[in-house]
Amino acid sequence: MRGIIARWGYSSHIFAWAIWNETDLATGIMQKEAFPRWLEKVAEYIRREDLGRHLVTTSYSVPVDAGDPLWDSMDIVQEHRYGLQDWAPYMVGRVLRARERTDKPYRLGEFGLWDDKPYPLGTPWTGRPWG
């Protein structure tokens, strides 16, 4: 990790350091009592080493509420979501819920449809903002 930060930390093209992509997919890790503390330790290390002072985040493939302790040491609340048909009501609800529970920014980092769902206008699509 130190090598990556040393190599790329100068760059203004780095939006944020993502500690782990879709953390919950590592079987059982979120159920471990020590996990929020581990995230905190890693975030502290990144902030200490990163002279560029980039934001720090992680992501989950399931909704984790903004007020959850898993977000305490993160700068951005982020989720990845696939397979929804009614995106607008879902997103409005998630953003409003996040605003009630934290003052941190909320980001939908990955989104898209599953292959067994009909695509809008018959065109395959997925959205991945690259930061």
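How many of the residues of the protein, in percent, count as buried? In this predicted model, 37% of the 131 residues count as buried.

**View 1. The whole chain, with its helices and strands.**
The protein holds 3 helices and 5 strands, and, read from the N terminus, these elements follow one another in the order α-β-α-β-β-α-β-β. Of the contacts in the protein with a separation of 6 or more, 61% are made by residues that stand 24 or more positions apart. The protein exposes about 8500 Å², and carbon and sulfur atoms supply 56% of that area.

**View 2. The nonpolar patch with I4, W8 and Y10.**
I4, W8 and Y10 together make a nonpolar surface patch of about 370 Å². I4 belongs to helix α1, which covers residues 2-8. W8 also has a charged neighbour, for the charged end of R7 sits over the ring of W8, 4.1 Å from the centre of that ring.

**View 3. The aromatic cluster of W20, F35 and W38.**
The whole structure contains 4 aromatic pairs, and a pair of this kind is described by the distance of the ring centres and the angle of the planes. One of the pairs is formed by W20 and F35, whose ring centres are 6.4 Å apart and whose planes stand at 75°, so this pair is edge-to-face. The pair links distant parts of the chain, since W20 is in the loop between β1 (16-18) and α2 (35-49), whereas F35 is in helix α2, 15 residues apart. With a relative accessibility of 28%, W20 counts as partly exposed, while F35, at 4%, counts as buried. W20 also pairs with W38, and here the ring centres are 5.7 Å apart and the planes again lie at 75°, so the pair is edge-to-face. W38 is in helix α2, 18 residues apart from W20 in the loop between β1 and α2, and W38 is partly exposed, with a relative accessible area of 37%. Through these ring pairs, W20, F35 and W38 are linked into a cluster.

**View 4. Salt bridges that involve helix α2.**
Side chains of opposite charge can pair when their charged atoms come close, and in this model the count comes to 7 salt bridges. In one of them the side chains of E49 and R2 meet, with a distance of 3.4 Å from N to O. Because E49 lies in helix α2 and R2 in helix α1, the pair ties together parts that are 47 residues apart in sequence. E49 counts as partly exposed, at 26% relative accessibility. A further salt bridge joins the side chains of D75 and R47, at 3.0 Å from N to O, and it links D75, in the loop between β2 (55-57) and β3 (77-82), with R47 in helix α2, 28 residues apart. Both partners count as partly exposed, D75 at 24% relative accessibility and R47 at 35%.

**View 5. The salt-bridge network around R101 and D65.**
R101 and D65 form a salt bridge in which the closest N and O atoms are 3.4 Å apart. R101 lies in helix α3 (residues 87-101) and D65 in the loop between β2 and β3, so the pair ties together parts that are 36 residues apart in sequence. R101 counts as partly exposed at 41% relative accessibility, as does D65 at 24%. Salt bridges with shared partners join D65, E79, R94, R97 and R101 into one network.

Notes:
Residues are numbered from 1 along each chain as its sequence is written. This is a predicted model: local features need pLDDT of at least 70, side-chain atom pairs count only at pLDDT 80 or more; totals for chains, interfaces and linings use all residues. Side-chain values use heavy atoms; hydrogens and water are left out. Helices (H or I, at least four residues) and strands (E, at least two) are DSSP runs, numbered from the N terminus. Buried means under 20% relative accessible area, exposed over 50%, partly exposed in between (1.4 Å probe, protein chains only). Contact means heavy atoms within 4.5 Å. Accessible areas come from the Shrake-Rupley method with a 1.4 Å probe; for residues, only the protein chains shown count as cover. Patches are made of residues with over 30% relative accessible area and no salt bridge: like charges are joined within 9 Å, nonpolar side chains (Val, Leu, Ile, Met, Phe, Trp, Tyr) within 5 Å. A salt bridge is a side-chain nitrogen of Lys or Arg within 4 Å of a carboxyl oxygen of Asp or Glu. Rings of Phe, Tyr and Trp (its six-membered ring) pair if their centres lie within 6.5 Å; planes under 30 degrees apart count as stacked, over 60 as edge-to-face and the rest as tilted. A charge sits over a ring if NZ of Lys or CZ of Arg is within 6 Å of the ring centre and within 35 degrees of the ring normal.
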